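Please open the model in your viewer and keep the selection panel at hand, since this tour moves from one selection to the next.

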Amino acid sequence: MDDQPAGSAEPDIASHRRTQVESAQPTYLVGRHDTLWQIAEITLGDGRRWQEIRDQNIGRTMVDGHRITEATDRLTPGWLLILPDGAQIPEETEDTQDQTLTEVTVERGDNFWTIAEKALEKAWGRAPSDRETAHYWRQLVDNNLHRLLPPHDPNLIYPDQRFELPPLPAVPDGEESTEKADPKPSDYQELKEVTVERGDNLWSIAQGALADAWERTPASIETADYWHHVMDANRDHLLPPHDPNLIYPGQVLHLPPVPNDPQVSADVNTGAAATPLPREPAAPPSIEPGAGTETPTLEVPPTTTAPTGNADVPHVIRESARPEPNPAQQSPTDTVNPHQAPDLTDQTTATGPGDDADDENLPGELFPLASTLAGLGVLAAGLVALLHRLRNTQLRRRRPGTIPTQAAPDTTKTEAAIRSAAAPTSTEFIDLALRAMAHDVTADHIPPPEVVGANLTPETLRILLWTPHHNPPPGWRVDDDGRSWTMSTDTALDLLRRHADGIPAPYPALVTVGHGDQTQLLLDLEYLGATQLTGDPEDVAATCYTMATELAASPIAESIQVICVGFGHDLTNLERIRVVDHLNEILPAVAAKAAAISHLQSASPLQGRLSAVGGDTWDPIIVFDPTVNASDEARRLLATAHAGRGVAAVVGYPTGDRWRFHIEKDTVHIEPLDYTFARRNLTPTEQTAVADLVAAAKDLEGMPVELVTDPVNLNEPIDEAPPSTEQLVEQSLFEDSQTPTRDASTSPIPEVKVLGTLRIDGPETRFPLRKCTELITYLTFHRNGVEADTLMEALWPEQPPDYPRLNRHTSRTRTTLGHGPDAEPYLPYVRDGIYRISPQVRSDLDEFTSHIREADRAARGEEVDHLYAALELVEGTPFTGAGNGYTWAHTDGIITHTIVAVDDAAHHLAQIALDNDTPDQATWAARKGLTATGACEQCYRNLMHATIAEGNQVAFEAVYAELLAVVDADEGPDASSFLDPETIELYEQQSRKRRRHVG
């Protein structure tokens, strides 16, 4: 700490005061920590009129060179603002803290009292008295309330935190100042007594008194005001050394009268709930441009130049001087830099022969290849997981002879785009990391961070903090002067799972706001409270629709209620969505949520969600209302949402708060952070397709098989198996000597395995590129051959054609597969522009289908043999290991049809075995069916019937318990409520028989 404060670096305030005197209109000199809302409250009597002050100053240049624009939200001390007519100037508008404040870093054992005492002792050369320390200590606390970590208790400060020291007063005359304590307000003369209990401090006593009187949890700013009065009333009652942080159980303190609840007063005066002041941070969390730095940050494309700007707030894009983007030169997947045109090099194809760009989609990758849905990885991952769960339920409840309901054919392209864009690994990493962090914060008694959002890059997950916090749990690193924590994406998922187990989603309102080059930015709508969307009305509505869809499907959201006002009627099949026509339909629910939360003694939503009792009360309500004009109901909604606790609003009308997303030309500009990113919304066609896909997946009735068109591989007659290698060699011995014969270099005939883990049996060497296996599989399922464009769209959906890449894959696949006895390659050379696979290359599904057809034609005894032979080919769930690839197998229905074919064969064989009183064979068949389907209830009923035939009640109960566990994993607790009535009836019937037998 310096003996003297450093020289002031603030603007020339004296010159502004002269300007203020000369100005014909009322003016206001901005002081430290002033906001537009606060100034509007002071001078206009209503904080919601803050925009009038900004509008009055648009175009004016401040002393530091900043030009005020429509985007200006943060104020700098020393700015002189012109006020609207009728503004009332307070008697003192000058910044009383003109002198520069020095900073102090907290050391172990420090508290505000000892910091104040040391500062005075160093400045004066003597130890201050308790009264002198108390006066300076109060200034120290006042100046640093905004830097406190949640729950904003001045008694809770931590090593390495940094605080501002107020200007040190001159040495008082004499040993001790005769200055009297600050006078107390007249309405605090009557004091009550309170006895200190173990664990109490003055902050908790003040907070508890307000909570008891107001029947709600007071805000930190409300507690701070009353806490000052509690300290004032007890200065003479503190024990030596008279440190307000040191109070003891059994001590009797004075409690001033509690003031009236300001929210109740506001209700009486205005007829609406009071709107709290917007929260003011020390500085917004910084997301700096640039790549390759030691501290990972949000990145712009490497060819752009990082814009220069305000030293306080690094920008990805500055709002000022933003030119109109050129759609022909702008990729929606890039962060836009207005100062330099984006690089137009195709990043996805500029790769060498040894590092193909198609192989980024490995299972461990956080970011899938760019697609038409780039930037919506969380939404896509949530939808893919939702469709998977719903379709599993369809297969579990399917009746023999039916097939799950298929979505309309025109949804195929959208589903392919969703699967291509899905980022399940990144979504899981964000989800687990946040849950694990919440667990560790609670276990280590660390004050919870004030999380604004999360930013994921290939190297790190970064959570953005509104208030600096320098005490993260293990595994996290402090960055950006405490305004962000980062975790490496190399962190083991198993470790995170252990810490995250049993922890509810801590920030369920996180939603994707924008994206850049391999980066995603998510913000917590609950913390933002009230957010305005601006831009073209269609863009605003599309943003609401897209965000609502993501929250309804995202695993990060978990327990959340999404309310769509006036739109989204086609989204009602999503479980978390509620659609209303007018705001007044949901205001009672919003008010009830706010009232319930106000009664809980939780300092933050995170602490509330982790509470043993009432944690579900904190499941947030997120209201989306794209309407442009605010109604009376809108004002009531915003008054609740401003608190940022349990209720959030994303609307098209002004909110009076700082948060605004401006949507324009596939970009989003985020205020007050002043960042601009690419933004991708679902188009109307995609919206319709998503709704159709979910609706079809929720239909449990199914469709008769005869009404469904078989996928390409199942409707081809395969009556004869291909000749074996030995047969081909034997035939060649009798052919003309000129016919090529098999030599030592001839490879075994390849076989495509899809009835379990995907692989190609036969080649002696490993395929050099991952897509080689998918190329062979695709051609095996499309015997008539396909053109190059069709093949590329299947292998690399949503990407532009890349013929060199296709040629590279084809050549390497052909070399690895080798050639057959006829010297022809198993992957023939292209003729007439058509890509084909050799007829000799077959799949295990071909053989399976051949056996099933033989079973249909065979007599009863032989039928069983063919069914056994078919089911013996099944090794697991078909197409296991497909990952984000093999999109065509999903969208063409091949995977579903394959599972249904295996399931039907298993039912058929199990029924024959039960009819023949061979329960062991029925058990084997049912288990084969479960190997493919995972949770088919008909298979479990067959198992239950087999145990009944064996008279094994213990095995019967075990099978039923296994079924419940499987359903529980898919559907959640209370699995029995999701079972087919036939299953319940079978179980209850057998249970009644057992009870009668026991009786």
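In this predicted model, begin by selecting K771, E774, L775, Y778 and L779 in helix α20, and then add T790, L791, A794 and L795 in helix α21, which are the residues that these α20 residues meet. Coloured by class, this contact of α20 with α21 shows six nonpolar, one polar and two charged residues.

Now widen the selection to the full helices, α20 at residues 771-780 and α21 at residues 788-795, whose axes lie 10 Å apart and pack at an angle of about 125°. Because of that angle, α20 counts as oblique to α21, and the crossing in which α20 passes α21 is right-handed. While α20 is still displayed, pick C772, which counts as buried because its relative accessibility is 0%.

Move next to helix α9 (residues 377-397) and helix α18 (residues 684-698), whose axes cross at roughly 25° and come within 8 Å of each other. With an angle under 35 degrees, α9 and α18 are therefore roughly parallel to each other. To view the contact itself, select L383, L386, L387, L390, R391 and Q394 in α9 together with V690, L693, V694, A696, A697 and K698 in α18; by class, this set comprises nine nonpolar, one polar and two charged residues.

Finish with the cysteines: which cysteine sulfur is nearest to that of C544, and how far away is it? Select C564, whose sulfur is 8.1 Å away, so that C544 is in no disulfide, given the cut-off of 2.5 Å between sulfur atoms. The structure as a whole holds zero disulfides. C544 is also buried, because its relative accessible area is 0%.

Definitions and conventions. Residues are numbered from 1 along each chain as its sequence is written. This is a predicted model: local features need pLDDT of at least 70, side-chain atom pairs count only at pLDDT 80 or more; totals for chains, interfaces and linings use all residues. Side-chain values use heavy atoms; hydrogens and water are left out. Axes are lines fitted to C-alpha atoms, for helices over the stretch in contact, and angles run from 0 to 180 degrees between N-to-C directions. Helices (H or I, at least four residues) and strands (E, at least two) are DSSP runs, numbered from the N terminus. Angles under 35 degrees count as roughly parallel, over 145 as roughly antiparallel, 65 to 115 as roughly perpendicular and the rest as oblique. A crossing is left-handed if the near helix is turned anticlockwise from the far one by less than a right angle, and right-handed if clockwise. Contact means heavy atoms within 4.5 Å. Ala, Val, Leu, Ile, Met, Phe, Trp, Tyr, Cys and Pro count as nonpolar, Asp, Glu, Lys and Arg as charged, and the others, Gly among them, as polar. Buried means under 20% relative accessible area, exposed over 50%, partly exposed in between (1.4 Å probe, protein chains only).
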